[in-house]
Amino acid sequence: MMRQDRFTEQAQQVLASSQEIVRQQRHSQWGVPHVLAALISLRGGLAEQVLSKLNVDMVRLRERVTHVLNTQAKLGYDVVQIYTTPEVVRMLEVANAEAERLKDEYVGVEHLLIAIAD
């Protein structure tokens, strides 16, 4: 896993928020849908701005992501250990590579969004 100080403050917030969604939903695995849910929950955030410019229906996207999260298996107890899926590892690697390609010092929400789209 990459060092936390490699991410912008907002990207760190998104990743922390996505893990909180895992806990709230009582999922055992941290997946890309959790990260996307956290990204699009930032009202007026960069992800929402970009997706809106691409004519993405944000209400429909939020509903779809919520549906995906609600259909995942839930634990019968509070989450103690969060397991990272290989897809999240790959997403973080792609985000890091994208930041490097763009010669950005930090991995930001824009890199996370690009990685999710990849």
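Student: Which pattern does the protein follow, read along the sequence?

Tutor: Keep in mind that this is a predicted model. Read from start to end, the pattern is α-β-α-α-α-β-α-α. In total that comes to six helices and two strands.

Student: What does the radius of gyration of the protein agree with?

Tutor: The idea is to set the value beside the one a compact globule would have. For 118 residues, such a globule would come out near 13 Å, and the protein has 14 Å, so the two agree. You can also look at the C-alpha trace, which spans about 45 × 35 × 20 Å along its principal axes.

Student: How much of the protein is buried?

Tutor: Buried residues are 40% of the 118. Now turn to the outside: the protein exposes about 7300 Å², and 50% of that comes from carbon and sulfur atoms.

Student: What share of the contacts joins residues 24 or more positions apart?

Tutor: Here you count contacts with a separation of 6 or more, and 68% of them are between residues at least 24 positions apart.

Student: Can we try one residue? Which residues is Gln25 in contact with, leaving aside its neighbours within four places in sequence?

Tutor: Those are Leu69, Asn70 and Lys74. Gln25 itself lies in helix H1, residues 9-25. With Lys74 there is also a polar contact, side chain to side chain, at 2.7 Å.

Student: Which residues make the nonpolar surface patch?

Tutor: Look for Leu46, Val50 and Leu54, which together make a patch of about 240 Å². Leu46 is in helix H3, residues 46-53. Its relative accessible area is 32%, so Leu46 counts as partly exposed, a class that runs between 20% and 50%.

Student: And the backbone angles? Where is the phi of Asn55?

Tutor: First the general idea: most residues other than glycine have a negative phi. Asn55 goes the other way, with a positive phi near 60°. You'll find Asn55 in the loop between H3 and helix H4, which covers 58-71.

Student: Is Asn55 buried or exposed?

Tutor: Exposed, because its relative accessible area is 71% and the cut-off is over 50%.

Student: Which other case has a positive phi of about 60° although it is not a glycine?

Tutor: That's Lys103. Lys103 is in the loop between helix H5 (86-101) and helix H6 (109-117). Its relative accessibility is 74%, so Lys103 counts as exposed.

Note on methods:
Residues are numbered from 1 along each chain as its sequence is written. This is a predicted model: local features need pLDDT of at least 70, side-chain atom pairs count only at pLDDT 80 or more; totals for chains, interfaces and linings use all residues. Side-chain values use heavy atoms; hydrogens and water are left out. Helices (H or I, at least four residues) and strands (E, at least two) are DSSP runs, numbered from the N terminus. A polar contact is a pair of N or O atoms within 3.5 Å; within protein, one must be able to donate a hydrogen and the other to accept it, and residues adjacent in sequence count only if both atoms are side-chain atoms. Contact means heavy atoms within 4.5 Å. Patches are made of residues with over 30% relative accessible area and no salt bridge: like charges are joined within 9 Å, nonpolar side chains (Val, Leu, Ile, Met, Phe, Trp, Tyr) within 5 Å. Accessible areas come from the Shrake-Rupley method with a 1.4 Å probe; for residues, only the protein chains shown count as cover. A salt bridge is a side-chain nitrogen of Lys or Arg within 4 Å of a carboxyl oxygen of Asp or Glu. Buried means under 20% relative accessible area, exposed over 50%, partly exposed in between (1.4 Å probe, protein chains only). The radius of gyration is taken over C-alpha atoms; the globule rule is 2.2 Å times the number of residues to the power 0.38.
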